[in-house]
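This report concerns one strand and its surroundings in a single chain. The sequence and model are shown first.

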Amino acid sequence: MDNQVIIFDTTLRDGEQALNASLSVNEKLQIAQAIERLGVDIMEVGFPVSSPGDFESVQKIAQTVKNSRVCALARAVEADIKACADALKPADQFRIHTFISTSDVHVQHKLKKEFTDVEAMAVHAVKYARQFTDDVEFSCEDAGRTPIDNLCRMVEKAIDAGATTVNIPDTVGYTLPFEFQGIIEQLFNRVPNIDKAVISVHCHNDLGLAVANSMAAVQAGARQIECTVNGIGERAGNCSLEEVAMIMKTRESLLNVHTNINHHEIARTSKMVSTLCNMPVQPNKAIVGGNAFSHSSGIHQDGMLKASNTYEIMTPESVGISKTKLNLTSRSGRHVIKHRMETLGYKDTDYVLDDLYADFLALADKKGQVFDDDLEAILFNKQQQEAD
Ligand code: KIV
Ligand code: ZN
């Protein structure tokens, strides 16, 4: 089995769906270009039938982006698929992604149909989409809650109809990693034509398991992960692109899979998406949170000064952040203060470490974090007192 995992970014479709205010065409183009620099294999950039603005942005991105394949979403109906084909036409090569629900709850209550009708719609949609492109993805919406026999049937029929990628979404983020891995394993064991398509996964984060479920699926043979920058998306969001990319880079020798992601672009892309989407990133978010490479306790800071791999499993530079931050707080020890003074250009003989440290601690107790300017102010005050 191929050991490259295809990264399918859906920041501008599933991610954008969850924003309070939609992005302008130019903002979407700016984000698409950043995602292209990030090295994603495929980007899903909208749902063209949904509005003229969405159609225009998909068209603009299809005209501009050259190094990632561009894709758009369609329900399993001809009008949606035709809108995708029209909007994507300017691209040299493009993907149409069509979907329909397969779980009992969706089939009965949302679609109000029989499963056999849904199967027929899926087959027709895939065949119709294949008239416009040879790259067609089919998704079984709410696959995570679909009875496995129905899921196997649907996957087999979609592949027979011409789907080149079949996506298994955990639409409501309900499954657990061992369970989701089991679903993918069963598909590989039971669907006779499974090797004719790439199996993809699309996990939501309602239980905080989107990344774990995606990685479990890769272990079972899935070779495409659908994800968004900063994990933005419906409700608790989607699988986070930067997390799966760095898991596969940091643990490559164990997992034996890799991606094409240019990881040095991660921090910059994350900042752009957070700013333009007006979606702040929580400080303790893995990889891109403000604290992801900062160390506060004295013991950790001391370790970091001795060897950076004592408390860091990847370097901040590897994701495009300039350096590790050692926060100066009341938990910081003398070592860190001495090191920071050296960084600021002071020699040991410029200050008495015990005195400086005592004043630093008093200030840290009052104000929490002490910054470089504060440290220098302490030093200047001390020098002033000595001169008086
Ligand atoms: O979550 C989901 O099931 C989706 C599909 C349209 C792929 O976003
Ligand atoms: Zn989704």
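The sections below cover the basis of the model, the annotated region, the strand and its neighbours.

## Basis

The model is predicted; local features need pLDDT of at least 70, side-chain atom pairs count only at pLDDT 80 or more, and totals for chains, interfaces and linings use all residues. Residues are numbered from 1 along each chain as its sequence is written, and chains are lettered from A and ligands numbered from 1 in the order in which they are written.

## Annotated region

An unreviewed UniProt entry lists residues 5–267 as "domain: Pyruvate carboxyltransferase"; such annotations may be inferred rather than shown by experiment. Across residues 5–267, helix accounts for 46% of the chain and strand for 17%, with the end C-alpha atoms 21 Å apart. Helices (H or I, at least four residues) and strands (E, at least two) are DSSP runs, numbered from the N terminus.

## Burial of β6

In strand β6 (residues 165–170), six of six residues are buried (20 or more other C-beta atoms within 10 Å of the residue's own, with C-beta atoms placed from the backbone). In a regular strand, side chains alternate between the two faces of the sheet. One side of β6 holds T165, N167 and P169, the other V166, I168 and D170, and both faces are covered.

## Neighbouring strands

Strands pair if DSSP finds at least two bridges between them. Strand β5 (residues 136–141) runs parallel to β6 and is joined to it by three bridges; S139 has N167 as its bridge partner in β6. The connection from β5 to β6 passes through helix α7 (residues 148–161) as a right-handed β-α-β crossover (clockwise from the first strand over the helix to the second, with the strands pointing away from the viewer).

Strand β7 (residues 198–203) also pairs with β6 in the parallel sense, over six bridges, and its I199 stands opposite V166. Helix α8 (residues 177–190) carries the chain from β6 to β7, and this β-α-β crossover is right-handed.

Definitions and conventions: Buried ≥ 20, exposed ≤ 12 C-beta atoms within 10 Å, placed from the backbone.
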